Amino acid sequence: MGVIVQSGISSASSSSIRCCLQTHQKQHQPHTSGQTNFQVSSATLPKLNSSKLPTAVKVFEEIPDSGNINSTYAWNNLIKTHLGDHHYVLFIYQNMLLRGFRPDKHTLPRILTASRNFDTLCPGKQIHAHALKFGFGSDKYVITALMEMYGLFEGADIARRVFEQFSSQKNSVSWTLMARLYSREDKPGLAIETFHQMVPLGASGEDRDLSVLDAVALSTVLVACGRLKALQEGKKIHEIARKSGLESDVLVSNSLLKMYLDCGSIKDARLVFDCMREKDIISWTAILRGYVKNGGFNEGLKLFRLMILEGIKPDSLTVSSALPACSRLSAQKHGREIHAYMLRNHVDSNIVTQNALIDMYMKSGCTESASKIFDRMSEKDTISWTVMILGYSLHGQGKVGVDLFEKMKNMGTVELDDSAYVAVLCACNTARMVEEGMYYFKFIRKPKIEHYSIMVSLLSRSGLFDKARNFIDEHQIEWHKEVQRGLLAGCRIHKNTKMAKRVIERLTELEPLNAENYVLLLNMYASNSKWDDVKNVREMIRDMALRPKKAYSWIEIHNKLHVFEVGDVSHPRSERIYYELHCLMEKMKEEEGFVPDKDFSMHDVDEERECIPVGHSEMLAISFGLISTNPGTTLHITKSLRVCRNCHSSAKIMSKIVGREIILKDPDRFHHFKDGICSCEDFW
């Protein structure tokens, strides 16, 4: 037992083996008929609820004496019944020994399991000594219990020493446990290595003995592959699962599904899902969540509906996974449908699902619905408050977000973490509340680049470019793309083309393969009529095989999504769309004196320069919405890229002329156009 002694575990040869046991009643003398004269110390047993003592003593007295064949079974059954109370389990075990009963191979693993719930390893070490004294030190069940106990308190390496000491007793359970301990310590590579030691290659380099495998072993190693994002290794384990005949086991199938999703292979995950003989709620939730996480919103919603048709009732986790797919203007109706389903079917509305509902309503443009859910919540965590504050910022109501943060702070019951400070800084940025932003920034102990970039954006959007530059120099954060983009936001608003040029050039250095940076640079040259430079940048984009993003806008009419590109003429009603748009432009010119803004220097999309004054995708979507809906109907439009200055000005005047609210969402924020005014106050 040399290895065990090195790890600080009591030896079997100790002359005085002490139990970590303490009792609160008069000690019973051991029965003279007992099978052992093993002595017990009562020095350190944890406190026991005294109300249990009378009942406990009565129960102990009713157990047959140690000469009865069923006596040990009775004690074991009593221990098993009370495994949830580790103090009481040791109390029972002490009395078992005091009355002369000898534990067997079923007793000690349960006592070791209970010992894992103490704050110290002391009880477990002494139970280990008991196992050695009673001759169960090499029993496979005892070894597994010891491995788990030492793994919990002293780490996987110590558990490995116990594991290696008894090589003849290694089985699938102990191998799997060893792999799981490595995974628990975030050592997935060692977990995979342990699995391959469990099922080594044969002499031919191909054959493996797969008889030792079970579903739990495969599930454990697949989790490790997912954490390591080792797709190729995961596929090898998949092949082993197929050869072992365990691929169709629901635990293995779900683990394969999760492994492929963790490795970013939605295609392989879907193949596994479609081939599964049995799909439980875990399977459906995993694949649905995978699609939503990877941007497959429509497919995620299809799976949610199919799941219900298959008779699988979504739980709160499934709902929380599906709701982000509805966090878009065009999917607002689907979000309401899921919310209604929750209410009709009494799906557990816990804090996670309520937070997901708030986030969905905020991101799909329904601030009132989000606010109602928030106000009705009996319990709110940091996420609840943060989602609301960020939501108000997204909708141009920064001051409301700051007030909400102050309310949260004054309550003193919610932790103000990094995300909460990101939220309040975003609110300050939206409302251009510089002093408040500087004040909150001081409370962040270890600011991250996200906090810094928001502060730079706040200062530059407020026109304080000198302060922004000083802030960047002070914190030495110039070489971060997020910071430069924050600086560019102010340049756009205040038309600081000189600084914008330097920022864009810096961005091309920081992100040499980002096509959007070169488009910004190209448009900057175009705005200054530097056509040779424009030509050079175009050639550079072509030579580097870069593909700038195209601008798309979409609107949902009568349950159908209509998507428009720049200068799109493919829509069946294109002629009417352009006619309506030209009529609106004429009215804007005659009634409001509108003159198109031809400053293209801050455009995100090169091709849109050619389409002024009409033809931008959002203008086409607005025009289509006007001819396809009743007067007074609010239009909900989404654009894939940032709205340009000219379209922003046009949408404001259009909302006044047609007497409608137009809600336009771009990647940065919501623009609520109403009566000639935008919620962003022209600062976006």
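Me: Which residue of E5 stands opposite Lys665, and what makes E4 and E5 paired strands?

Reply: In this predicted model, Lys665 stands opposite Phe670 in E5. Strand E4 (residues 662–665) and strand E5 (residues 670–674) are joined by four bridges and run antiparallel. Two strands count as paired if at least two bridges are found between them, and with four bridges E4 and E5 satisfy that condition.

Me: What makes E1 and E2 a hairpin, and how many bridges join E1 to E2?

Reply: Strand E2 (residues 560–565) runs antiparallel to E1, and six bridges join the two, where at least two are needed for a pair. One of the partnerships sets Ile557 against Lys560 in E2. Two residues lie between E1 and E2 in the hairpin, and in the turn His558 has a positive phi of about 50°.

Me: Which other strand is joined to E1 by bridges, and in what direction do the two run?

Reply: Strand E3 (residues 635–639) runs antiparallel to E1 and is joined to E1 by three bridges, which again meets the requirement of at least two. The bridge partner of Ser553 in E3 is Lys639.

Me: Why are E2 and E6 said to stand at the edges?

Reply: The six strands form an open sheet in the order E2-E1-E3-E4-E5-E6, with mixed pairing. E2 and strand E6 (677–678) each have a single partner strand, so one side of each is left without a neighbour in the sheet.

Me: Which residues of E1 belong to the covered face and which to the uncovered one?

Reply: Along strand E1 (residues 552–557), Ser553, Ile555 and Ile557 make up the covered face, whereas Tyr552, Trp554 and Glu556 make up the uncovered one. Such a division fits the general rule that side chains in a regular strand alternate between the two faces of the sheet.

Me: How do you know that Asp359 and Lys363 form a salt bridge?

Reply: Their side chains meet with N and O at 3.3 Å, and the criterion asks for a Lys or Arg side-chain nitrogen within 4 Å of a carboxyl oxygen of Asp or Glu, so the pair qualifies. Asp359 and Lys363 are four residues apart in helix H19 (residues 351–363), which means that about one helical turn separates them. Lys363 has a relative accessible area of 35%, and because partly exposed covers the range between 20% and 50%, Lys363 is assigned to that class.

Me: What does the salt bridge between Lys448 and Asp418 tie together?

Reply: The closest N and O atoms of Lys448 and Asp418 are 3.3 Å apart. Lys448 lies in the loop between helix H24 (434–441) and helix H25 (449–461), while Asp418 belongs to helix H23 (residues 418–431), so the pair ties together parts that are 30 residues apart in sequence. Both partners count as partly exposed, Lys448 at 47% relative accessibility and Asp418 at 30%.

Me: What makes Arg469 and Asp473 a salt bridge, and which residues share a network with them?

Reply: With their closest N and O atoms 3.9 Å apart, Arg469 and Asp473 fall within the 4 Å cut-off. The two residues are four apart in helix H26 (residues 465–475), separated by about one helical turn. Arg469, at 22% relative accessibility, and Asp473, at 46%, are each partly exposed. Salt bridges that share partners join Arg469 and Asp473 with Glu478, Arg506 and Glu509 into one network. By the same 4 Å rule, the count comes to 26 salt bridges.

Me: Why is Cys263 not in a disulfide with Cys225?

Reply: The closest cysteine sulfur to that of Cys263 belongs to Cys225 and is 7.1 Å away, too far for a bond, because a disulfide requires the sulfur atoms to be within 2.5 Å. The structure holds zero disulfides. Cys263, with a relative accessible area of 17%, is buried, and Cys326, with 0%, is buried too, since the class takes values under 20%.

Me: What makes Leu513, Met540 and Met544 a nonpolar patch?

Reply: Together these three surface residues have about 280 Å² of accessible area. Patch members need over 30% relative accessible area, a condition that Met540 meets with 35%. Met540 lies in helix H30 (residues 531–543).

Me: How many helices and strands does the protein have, and what share of the residues is buried?

Reply: The secondary structure comes to 33 helices and six strands, and buried residues account for 52% of the 684 residues.

Notes:
Residues are numbered from 1 along each chain as its sequence is written. This is a predicted model: local features need pLDDT of at least 70, side-chain atom pairs count only at pLDDT 80 or more; totals for chains, interfaces and linings use all residues. Side-chain values use heavy atoms; hydrogens and water are left out. Buried means under 20% relative accessible area, exposed over 50%, partly exposed in between (1.4 Å probe, protein chains only). Patches are made of residues with over 30% relative accessible area and no salt bridge: like charges are joined within 9 Å, nonpolar side chains (Val, Leu, Ile, Met, Phe, Trp, Tyr) within 5 Å. Accessible areas come from the Shrake-Rupley method with a 1.4 Å probe; for residues, only the protein chains shown count as cover.
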